[in-house]
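Visitor: I would like a close look at one part of this model, the open sheet, and then at what else can be described in its surroundings. Please take me through it in one connected account.

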Amino acid sequence: MTKTEALNSNSVQKLVSLFRFSRSSRGGMHKKDGINAVFFLTPTVIIFLTFILFPVVFSFYLSFHEWNMFSNEATFVGFDNYTKMFQSEEFWSVLKNTGIFTFGTVPLNMALSLVVAIALNKKIKGKKFLRTAFFAPVIISPVAAAVIWRWIYDPNYGLLNYGISFLGVGSVNWLNDPTAAMFALIIMSVWKTFGINMVLFSAGLQGIPETYYEAAKIDGAGKWAQFWKITLPLLAPTTFFIMIMSMISSFQVFDLVYVLTSGGPLGSTKVLVFFVYEYAFKFFEMGYASAAAYVLFVILIVLTMIQVRYMKNRIQGSF
Amino acid sequence: MKKLIILIIVSIIFINSCGGDEKNDDKKTVIFWHSFVSSTVPALNALIEDFEKTHPDINIEAQYIPSGDALVQKLITSIQSETAPDISWLHAHFMEDLVQADAIYKMEKFIKGPNGISEADLNDIYPALLQYASWRGTLYSMPMEATNLALLYNKDMFRAAGLDPERPPQNWDELVEYSKKLTFDKDGDGKNEQTGLFLPVYPAAGPLSGWMVWQFHPYLWQAGGYKINLAQTEVIYNDEAGIKALRLWKKIYHDLDLNVFTSDYDVAFASRNLAMAMDGPWNLPRYEEILTGMDWAFAPLPSGPEKKATIVGGEYLAIFKQSEHPEAAWAFIKWIIQPETQAKWAMTSGYLPIRRAVKEVPEFKQYLEDNPNFKVFIDQMEFGQAERPIDYGGMEIMRHIADAIEKSTVGNQDVQEALNESAKLSNKVLNEANQKHK
C-alpha cells in the first residue's frame, strides 16, 4: 500500500470528498432524477439563501452604512465604520484578547485531544465509557456548563482553589482578576471542546494501517520513533483540518464568554464577537458591528490561507 | 402526482386555518406586550379582567415578551414586518429609536382628545415618571407603575453587631461605618462569613452593567452631581460630586473585600451571609414569603453630603401607530392610570403607584399602615429622581460610566483618573451623535 492510498483511506478525506461535486457514478442522469434532485434540494437552497447568503451579503452592505435597525433606510458612510474602528483603542484590545484566547486554546486543545485519542486507541477496558465521558462536555449546553464552572472557580468555596490549596498556592480569584479570568476561560473552553477533536483524531488514527507499525517494529523502531515517523505524519491531514476548524471556532467564541465572565473583569475577556454583539444589539450600530464582523471574516480567511499554503507542500495528495 | 395534489390541498387548509381566526367583529382586540415576571402575572390577569368587565367592547390580549434585549429585538422585527402590538411596555432607553422610526403616537393626541384626561390628572403623576415617559420634552408613553431603590437590611445582624436595629444608616459615614462593623471573618481564614453591604459591581461589558449604573445614580445625586448637563452638550459625572460618589463605592468595595463576594445578593441575604443591600419593591412579595424567621426591613437610602435622593424607575406604555384600535388602546391606558386602579394594582403587584392621589384611596391608606416596608418606598417617591435624559448615544455613555465604576473598584484605578478617561470617551460619543442629528 502506498502512502497516498493510506491517506485516501483516511476518514477525514472521505468527509472532505463528500463536499466535492462528482459525476453520478451510474453515468448519465435520467430526467426523473433531475426533478427529484430539484425537489430535495429546494428546501436546503432556500434556507441557504435566506439564512446564510443573504446575511453575508447584507452585512457587507451594512458595513458601509449606518443603520439602527428601527428605521427603514440606512445612510451610506463609506469607510467611516472601518476607520472609526481602527482608531478605537477598544477594538485593538478586543482583537488582542481574541488572539490570546485563540493561541491559548488551540494548541492546548489539540495536544490534549491527540493524547486522549491515542490513549483510547489502545485496547483498554472501559474505552467506550471513557470516550463518551470525554465527549460529554461537547453536548452540554454552554450555559449549564458555565454555571458549573462558576462554582469550580469560586474564590471562597470553589473546587479549583481547594485543589490548589494543597500545592501551597494562595487562593486565586479566578473570575475577578484580569489575568486569571482569561486563563479560566481558556481552561473551560478546552474542556468544553476537546471532545470533538478527540473523536476526529480517533477516526484519523483508525485510518492508519497496522502494517506500518508492524514493519517499523521489525526495523526496530521504538514507541517514540513510531509516533514521530508514522502516527504524526499520517495524521497530518486530520491535524490540519482540526487546526483550521479550532482556530475558526476560537475566533468566533461568544457563548462561553457571555455566560462565564460577560467580558469582564475590566474587559479582559471581551472578544471580537462579544464586541460585535454589544454594538449590534445594545447600541444598535449595525453598520459598525457589521464592519467588525467583516474584519473577523478577513482575519479568518487570511489565517486559513496561510495555513493551507504552508501545509500544501507537506501533505501530499490532499486538499 | 396524486400525492402532490393532496399535499397542496392539505397545506392550503392548514394555512387558512392559521390565518382566519375571526371572532365577533364588534369586539376590538388590543394586543399588549409586557415583561412582567410570573409572580406578577396573576395580578395582571385580574387587572385585565376588571377592565374587560367595565369595557365589554374591548378585549385585551396580554402577551409576555422577555425583558431587555429580547423585547427590543422583538419590537424591531415586529415594526419591520408590520405586526407591532397595539400597546407595549417600554423602557426609557430605547424610546429614542422608536420615536425616530415613527412607530409610536404622541400621548398628546389622546390626552387632548375626546376621551382625554385633565391637566390636573397629568400633574398628579410623579414628574420623574413623566420625564422618563417623554423624549425631548414630548410625552410618548404613560407610566404604568413605579419603582425605586431602598436599603434592605437584617435587623438581627444589627443587634448582634451592637447597632440599633431601628436606626439604619442615615448618611454616608454611617453607611461606611456600619457596613464595616457588619463584616467579619469569624474563623480567621481570610474569608468573610458575613458581609456588611453589597454593591452591584458587575462587568461593564456584561448584561448587568446597566443595572450597576442605575444603582450608582442615587449616590451621584446625593453628592450633588448629575450625569450630563441640561443642554446635553457635555457629561459632568466626572466633577467633584462624581468623584465623591465613586470614592464611596471604591472605599466600601475594598473595605469589605467585595471582589471575592461571588454570591447573588438576594441569595446571600436570605442565607444570612449579607447584612445590607440595595433593592426595589418588586422583590417585596417574594421576600415576605421566603425571609421567614428573620427580622428584616427596608429603609430609605442614606442621605449623601448634599441631599437625600433615590432613583425612580418604571415601565411605560406606548401606543403603536400600526395599531388598528388606538382609541381602545388608550382607553386601557387611561383606565390603568386612574387612582382606584393604581391602588389595586399596587396592592396586588407590589409595584408603586404612579401618582399621589392614590394615597387618598381608603383601602390603600389602610394597606400602607399594615405594610411599613411598602410605605418606605412610597415615601421615597417624594425625593425620587429620574435620570437626566440623553437623547442620543445614551447606551454608549452608560457603558463608559460602567467602565469607570469597574476600573476604580475591581481595577483599583484612581477614581478621578477613571472618571476623566470615561468622560472623555462619553463626550466623544455625545459630540458625534449631536453632530449627526443637528
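Guide: In this predicted model, chain B holds an open sheet of four strands, which run in the order E8-E9-E7-E10 with mixed pairing. Strand E8 (195-198) and strand E10 (296-299) of chain B stand at the edges, and because each has a single partner strand, one side of each is left without a neighbour in the sheet. From one strand to the next, the twist averages 15°. At the E8 edge, E8(B) pairs with strand E9 (residues 274-279) of chain B in the parallel sense, over three bridges, and Phe198(B) has Ala277(B) in E9(B) as its bridge partner.

Thr195(B), a residue of strand E8 (195-198), also belongs to the lining of the largest cavity, in which about 130 Å³ of space lies. That lining draws on both chains, with Asn156(A) and Tyr157(A) on one hand and, among others, Asn192(B), Glu193(B), Leu256(B), Asp257(B) and Asn273(B) on the other; its residues divide into four nonpolar, six polar and two charged. The count of cavities of 30 Å³ or more comes to six.

Elsewhere in chain B, the axes of helix H2 (residues 41-54) and helix H14 (residues 326-336) come within 11 Å and cross at roughly 115°, in a right-handed crossing. Leu47(B), Ile48(B), Asp50(B), Phe51(B) and Thr54(B) of H2(B) meet Ala331(B), Phe332(B), Trp335(B) and Ile336(B) of H14(B), and the residues of this contact divide into seven nonpolar, one polar and one charged.

Technical notes. Residues numbered from 1 in each chain as written. Chains lettered and ligands numbered in written order. Predicted model: local features only at pLDDT ≥ 70, side-chain atom pairs only at ≥ 80, totals over all residues. Heavy atoms only, no water. 1 Å grid on protein atoms, 1.4 Å probe; cavity = no way out; pocket = protein on both sides within 12 Å on 5 of 7 lines; lining within 4 Å. Points joined across faces, edges and corners; volume = space filled by probe spheres on them. Nonpolar A, V, L, I, M, F, W, Y, C, P; charged D, E, K, R; others polar. Pairing = 2+ DSSP bridges. Helix = DSSP H or I, 4+ residues; strand = E, 2+ residues; numbered from the N terminus. Axes fitted to C-alpha atoms, helices over the stretch in contact; angles between N-to-C directions. Left-handed = near helix turned anticlockwise from the far one by under 90°. Contact = heavy atoms within 4.5 Å.
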